[in-house]
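Here are my notes on the packing and one strand of this model. Have the structure open while you read.

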Amino acid sequence: MKSILVIGAGKIGSTIVDMLNETGDYEVTVADASVEALSAAGKTGIKTVQLDFNDAVALQNALKGRYAVLSAAPYHLTGHVAQAARIAEVNYFDLTEDVATTRMVKELSEGAATAFIPQCGLAPGFISIVAHDIASRFDKLDTVRLRVGALPQYPSNALSYNLTWSTDGVINEYIERCEAVVDGKLREVPAMEELEEFSLDGTRYEAFNTSGGLGTLCETLEGKVRNLNYKTIRYPGHCALMRVLLNDLQLRNRREVLKDILENAVPATMQDMVIVFVTVTGERGGRYVQETYARSIYGQKVAGTQRTAIQVTTAAGICAMLDLLVEGKLPQQGFVRQEEIDLDTFLANRFGRVYAGVRLDESREPAAKNIRLDAVA
C-alpha cells in the first residue's frame, strides 16, 4: 500500500481522504491544524496528525517515507507544502488555481527525483484535459474557450450564489489577473471583465474572466491558437454585484473583511451542480468547424457521506492523477501538466469516471448529464 499524506481536512480534503481510503489501496493520513476538522475527517483506517503548515520542519517530518502528498490546503499555504515535498523527495499533487504558486512549483520540480503535478482539480485540471483533447483533433486552431461553473441548483439570494468551495479560493480568482492568449500572444487580462451571456438547457448564465482556470494551457498552446480564454460561469447579475463589493467598496484590498461578509451572509448548500463547457473552433479537413464538450455534474455519496458536486469533481481529479502516477501512466519525475493526460485514459480511471457520469458506488443512477446547447452567444 502506498502511504499518502493529505494536507487539509476541509470540504475537499476530507472528500479526498474518503475516496482514497475506500479503495483499500492506499494508507491514508490526513493533516490539519484544526483538531475539530481532524476529528470529523478521521474514520476507521484513516490516521490523523495535527500540523502547522507554516512549520517547515514539521511538514518535512510528516512527509518522510511517504509515496505522495496531496495538498488541499488554502492557496497561500500550498507553496510551503511543495517546498517540503521537494526536500523530502515525495511525489507532489495540489489543487491550486493560484498562478504564482504554480510557477513556484514548476521551479521546484526542476531536477526533482519525483513528480510534481499541480492544479489537479476541476479548473484548473479536468477542463485543460478536455480542451487539449479536442484541440488535438484540429489541423489548425482558431479559438479555444473554457467555461466552468460551480452553481447552486436553486439560487435564492441577490448574488444567485451559495458557498460550496473555499471562500479564499473564490476571492483569489475574482481578484488576481488572468492569463489568456489574445491574437496569438500570451497576455494578462483583468478578472471580472469581458462579461458574456449564453443559454444552456434553457437556462441563462453569464461568464467572466477569473484567474487560474487555464493552468498551463496557455504555455502549451501559445503559438498554436489565435485566442484562448477561461471564464467562470454564474447566474446573471452576480458579476455586477461582486464588482460593487470588490471595486466600489474596495474590498479587494480587504480580503479578510470580504471573506467574513461572504461566510456570514451567503449560505452554504449541498444542492449544487458543476457545469463544464469547452468550445474549440478551427480548421479540420479544409473546413472551418466547431466542436463542443458540455456536461453538468451533480453531487453523490462518497463512503456513505453525501458530498457536493464541487467536492466530488475536485477530489476525483486529484485522486485520478494519483492513480495514474502509480500505474505508470504519467511521467515519474519533474513537472507534469494536466494537458499531458489523455482524456479517455482519465475517464476510464475509477475516480475520473465521475466526469463521465458514472457514480463511485457503480449504481446506475447518473451523476452527470450532457447539456443541450440553446442559442449560445
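**Notes on strand 12 and the cores**

1. Strand 11 (residues 203-209) runs antiparallel to strand 12, with four bridges between them. Here Glu206 sits opposite Arg234 of strand 12. Strands are DSSP E runs of at least two residues and helices are H or I runs of at least four, numbered from the N terminus; two strands pair if DSSP finds at least two bridges between them.

2. A word on the source: this is a predicted model, where local features need pLDDT of at least 70, side-chain atom pairs count only at pLDDT 80 or more, and totals for chains, interfaces and linings use all residues. Residues are numbered from 1 along each chain as its sequence is written, and side-chain values use heavy atoms, leaving out hydrogens and water.

3. Strand 7 (residues 140-152) pairs with strand 12 too, in the parallel sense over six bridges. Thr143 is the residue opposite Asn227.

4. Is strand 12 (residues 227-234) buried or exposed? Eight of its eight residues are buried, meaning under 20% relative accessible area (1.4 Å probe, protein chains only). One side carries Asn227, Asn229, Lys231 and Ile233, the other Leu228, Tyr230, Thr232 and Arg234.

5. The largest nonpolar core (buried Ala, Val, Leu, Ile, Met, Phe, Trp, Tyr and Cys joined through side-chain atoms within 4.5 Å) has 75 residues, and Leu228 is among those with the most contacts inside it. Helix 11 (residues 309-326) gives the largest share, twelve residues.

6. Leu20, also among the residues with the most contacts in that core, is in contact (heavy atoms within 4.5 Å) with residues including Ile4, Cys319 and Phe351, leaving aside neighbours within four places in sequence.

Note on methods: Buried means under 20% relative accessible area, exposed over 50%, partly exposed in between (1.4 Å probe, protein chains only).
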